Amino acid sequence: MSDLKIHDQPAYLQQLNEVQRQAVTTTEGPVLVVAGPGSGKTRVLTFRIAHLIQQGVPPWEILALTFTNKAAREMKERIERVVGERASRVWAGTFHSIFARILRIEADKIGYPSDFTIYDTDDTKSVLGAIITEMGLNKDQYNVNFLRNRISSAKSNLITPKLYRTRNDLLDEDHMAQRPRTVEVYEKYMARCKRSGAMDFDDLLLRMFELLQNHPDVCDKYRQRFRYLLVDEFQDTNFLQYAIVRKLVHYPGSPCNICVVGDDAQSIYGFRGATIRNILEFESDFKNFGIKVFKLEANYRSTEHIVQAANELIAHNTRQIPKTIYSQKGPGERIKLIRAMTDSEEGRRVADTILELKNRHHLRNSDFAILYRTNAQSRIFEEHLRHYNIPYRVFGGMSFYQRKEIKDLIAYLRLAVNPRDDEALRRIINYPRRGIGNTTLDKLGNLASQLDLTMWEALPRLDAGTRTNTLLQEFRHLIESFQQKAAQTDAYTAASYIAQHSGLLKELGADKTPEGLQRFENVTGLLDGIKAFVENDVLETGQEASTDRSLAAYLQNIALVTDLDQADDDGDYVTLMSVHSAKGLEFKSVFVTGLEEQLFPSYLSLDSPEAIDEERRLLYVAITRAEQFLTLSFAHSRYRYGQQRMCEPSRFLSEIAPEHLDQTSPHGSLSRAPFGRFENRMGPRSTQTQSAPPRSGVSGNFKKPRQQTLRADPATFKPSPPEAIQPGMKVLHLQFGEGKVLKVDGARDKRVATVFFPDLDTDQEKRIMLKFAKMQIIS
DNA sequence: AGGGCGCGATTTTTT
DNA sequence: ATCGCGCCCT
């Protein structure tokens, strides 16, 4: 901050160090930002976008691609803080959601309906299962998980079925693996998805690439449109994602305003196709466009021992971008090492250490994270935390949207929007049971592939005997009535009609076991979420006003959302998660556990140097999550697969200089007094979504306002017509109480009022979409 | 059509 | 140990 011209600069630029500032203000031409952990990466990215807008770039000409919805949301929020509402016009989102949006617009050009269905991993496996059954293949040999991986990685490397056929190396591999017909499965799979009007996650990328490749006019349109392109976590991109990015910016005469931000040392998703080469070779790829490289090496997160240990560790990797991360926070404490005899002792001592640190440094539960390589390790920590009454929350595991009952209802909803969705149909044609058994289903499947139709289309042509025919016809009428509802009413009306008339609610309601009750609640929770989607009148930060409240719109919203995105951050609990899930997070105190050979590094990585390097990066990520206190732990024996096994300390431990480690026993006088309230999740393997109903995909924030004096009574509440609402008026909002209208902008359906609600304790200023507003004018 | 039993697998995971 | 799946029996 020694720049003399500092006072001439906008406030946001003054919050940056020299390198960061250059990375933000070098707006033209290709830029690579190598961002070490805790180096202010997100700040650079968001300020850069804000800066572009301040410089007069129209927000809609900026495309920012991320990997998670959470990252995209945070980015938009932070941009809005600098440039205000204009932020909502920036195209910021995940690769998948942005491309889905474009593909829906351009759907007709690639022979898809614009309301195409998005298949998740389960749907994909189910399609593959049907194909191998139909082809009469052995399902151990042609294992669906293998096939899914193989196809996914082919797509991620831009290998279409046609190209696959020409690739002798791949065909040979399949032959050697006794799976010579893999390419046929791949072809059939693609054809089926197309026929069903469905795309899987990889297709969203592949079809995007093909759209740009095969339609020069469309390609030009988006090249013109997105004059400025930014990519977050670039080290996690796969070949296909990079190919799309290149397509958009790498062409003769391109202004080539692309900025990629990432850290090769934090590339930990190689197993799902991410290729570290993208970032390593980015510089040479854009040399001709005059690329500038900025390295953010100042770490504002962690103390010196932690940063240096991380540096030493990662120095053992080959192939990396040279950089030296240095701490800005003083030496701090040494890294504690726990050597335990057993996994159970490890658990106990981690819990002990948490109590001790809480005591000595006045930390909150939420300042702690326990990280592990595999999710199976969480159980022991849970037991010990429970024993000490330390509240905790386990991340990972089954998400809300993966639960069977949720997927069942969603399958009905999907079918109502797109009856060609074979996977949805297969899932619910006989659930709840309506006498359409496997025999009939097989016949239907065979007929469909014979006629090259979807099952829905083949349904009326199937003759399965008088009795079954009647049942099938009833089913058709049922779905047709759902289709009608979906087309004519809003998402909630349609969904509750469907939940009721499909018999799903009745079926679930009949089960009075605790699990059955939970399932019923999950489904009603989903319906509540849909209701919130329909009634939602609050325009979230960075959101564009959208007035579509149809079932189709709802499904499009949830298809690319996980409930990890909506993890509520209130509550004081210790975080338990895998190292992978911890990426991007930070905690005052971090425990990295199970540092043993075969576990961390994983036994599956032992025979490949590249895989070991990725494990090392994984540990690098884990270590650099810690701000002040880092504890590493391992056990000499551990139960694995029901057997107690001896284990060796991880090789990675010896790669950290002993001077950073504090190996003295942490046990002085330890208070065993229980801290915190007992508020653990119910079961040992619970997830963070235990009881929380999902929030609407569009809006999120439904914090209940405090009960205050001026609260609307739903019984007497009469919403005023939206047209009547004008700036300066006092209004009563059904949810937020009394408020004052500050301004109204937008036109017709998209009118948005900015209202100040004094009764709320946070986010008092809300942007309310008047079309859906539940507000009554007081004066 | 559904329940029960036995066998095999079991890193990490956004979208 | 634990869970999911597939097969077989009722």
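I began with Cys256, which sits in the loop between helix 13 and strand 7 (258–262). I note that the model I am reading is a predicted one.

**Entry 1. Backbone angles out of the ordinary**

I looked up the phi angle of Cys256 and found a value near 55°, positive although the residue is not glycine. Is Cys256 buried or exposed? Cys256 counts as buried, because its relative accessibility is 1% and the limit for buried is under 20%.

I then turned to Glu233, where phi is near 50°, again a positive value in a residue other than glycine. I placed Glu233 in the loop between strand 6 (228–231) and helix 13 (239–249). Glu233 has a relative accessibility of 16% and is therefore counted as buried.

I recorded these angles because most residues other than glycine have a negative phi, and most peptide bonds are trans.

On the peptide bonds, I noted a cis bond joining Tyr431 and Pro432, with omega about -5°. Pro432 belongs to the loop between helix 20 (422–428) and helix 21 (438–451). I noted another cis bond joining Phe600 and Pro601, with omega about 15°. Pro601 lies in the loop between strand 16 and helix 29.

**Entry 2. The surroundings of DNA strand B**

I next listed the protein residues around DNA strand B. Which of the 27 residues come nearest? They are Arg373, Asn375, Arg433, Thr562 and Ser578. I found that sugar and phosphate make up 50% of the strand B atoms that come within 4 Å of the protein.

I sorted the residues of this surface by kind and obtained 8 nonpolar, 15 polar and 4 charged.

I then examined contacts with phosphate oxygens of DNA strand B. For Ser578, a polar side-chain atom lies 2.5 Å from such an oxygen. For Asn69, a polar backbone atom is 2.9 Å from a phosphate oxygen of the strand. For Tyr603, an N or O atom of the side chain is 3.1 Å from a phosphate oxygen.

**Entry 3. A nonpolar patch that includes Tyr603**

I met Tyr603 again on the surface, where Tyr603, Leu604, Leu606 and Tyr641 form a nonpolar patch. Together these residues have about 450 Å² of accessible area. I located Leu606 in the loop between strand 16 (587–592) and helix 29 (609–623). Leu606 is partly exposed, because its relative accessible area is 33%, a value in between the limits of under 20% for buried and over 50% for exposed.

**Entry 4. Salt bridges**

How many salt bridges does the structure hold? I recorded 45. Side chains of opposite charge can pair when their charged atoms come close.

I looked at Arg638 in some detail. Its side chain meets that of Glu346 in a salt bridge, at 3.0 Å from N to O. Arg638 lies in strand 17 (residues 626–640) and Glu346 in helix 17 (residues 343–361), so this pair ties together parts 292 residues apart in sequence. I checked both for burial: Arg638 is buried at 6% relative accessibility, and Glu346 is buried with a relative accessible area of 1%.

Arg638 also forms a salt bridge with Glu596, with the closest N and O atoms 2.7 Å apart. Glu596 is in the loop between strand 16 and helix 29, whereas Arg638 is in strand 17, so the pair ties together parts 42 residues apart in sequence. Both Arg638 and Glu596 are buried.

I also traced a network in which salt bridges with shared partners join Lys41, Asp232, Glu233, Asp236 and Lys583. Glu233 thus returns here, after its entry for a positive phi.

I then considered the salt bridge between Arg167 and Asp169, whose closest N and O atoms are 3.0 Å apart. Arg167 is partly exposed, with a relative accessible area of 30%, and Asp169 is partly exposed at 37% relative accessibility.

**Entry 5. Two further loop residues**

I looked up Ser720, which lies in the loop between strand 19 (661–662) and strand 20 (730–733). Ser720 counts as buried at 15% relative accessibility. Its side chain reaches the backbone nitrogen of Ile777 at 2.8 Å.

I closed with Leu158, found in the loop between helix 7 (144–156) and helix 8 (161–166). Leu158 is buried, with a relative accessible area of 17%. Leu158 and Leu206 are 48 residues apart in sequence, and their C-alpha atoms are 7.0 Å apart in space.

Conventions:
Residues numbered from 1 in each chain as written. Chains lettered and ligands numbered in written order. Predicted model: local features only at pLDDT ≥ 70, side-chain atom pairs only at ≥ 80, totals over all residues. Heavy atoms only, no water. Near = heavy atom within 4 Å. Polar contact = N/O pair within 3.5 Å; in protein donor to acceptor, adjacent residues only side chain to side chain. Nonpolar A, V, L, I, M, F, W, Y, C, P; charged D, E, K, R; others polar. Patch = residues over 30% accessible without salt bridge, like charges linked within 9 Å, V, L, I, M, F, W, Y side chains within 5 Å. Areas by Shrake-Rupley, 256 points an atom, 1.4 Å probe, with all protein chains shown as cover. Salt bridge = Lys/Arg side-chain N within 4 Å of Asp/Glu carboxyl O. Helix = DSSP H or I, 4+ residues; strand = E, 2+ residues; numbered from the N terminus. Buried < 20%, exposed > 50% of the residue type's maximum accessible area, 1.4 Å probe, protein only.
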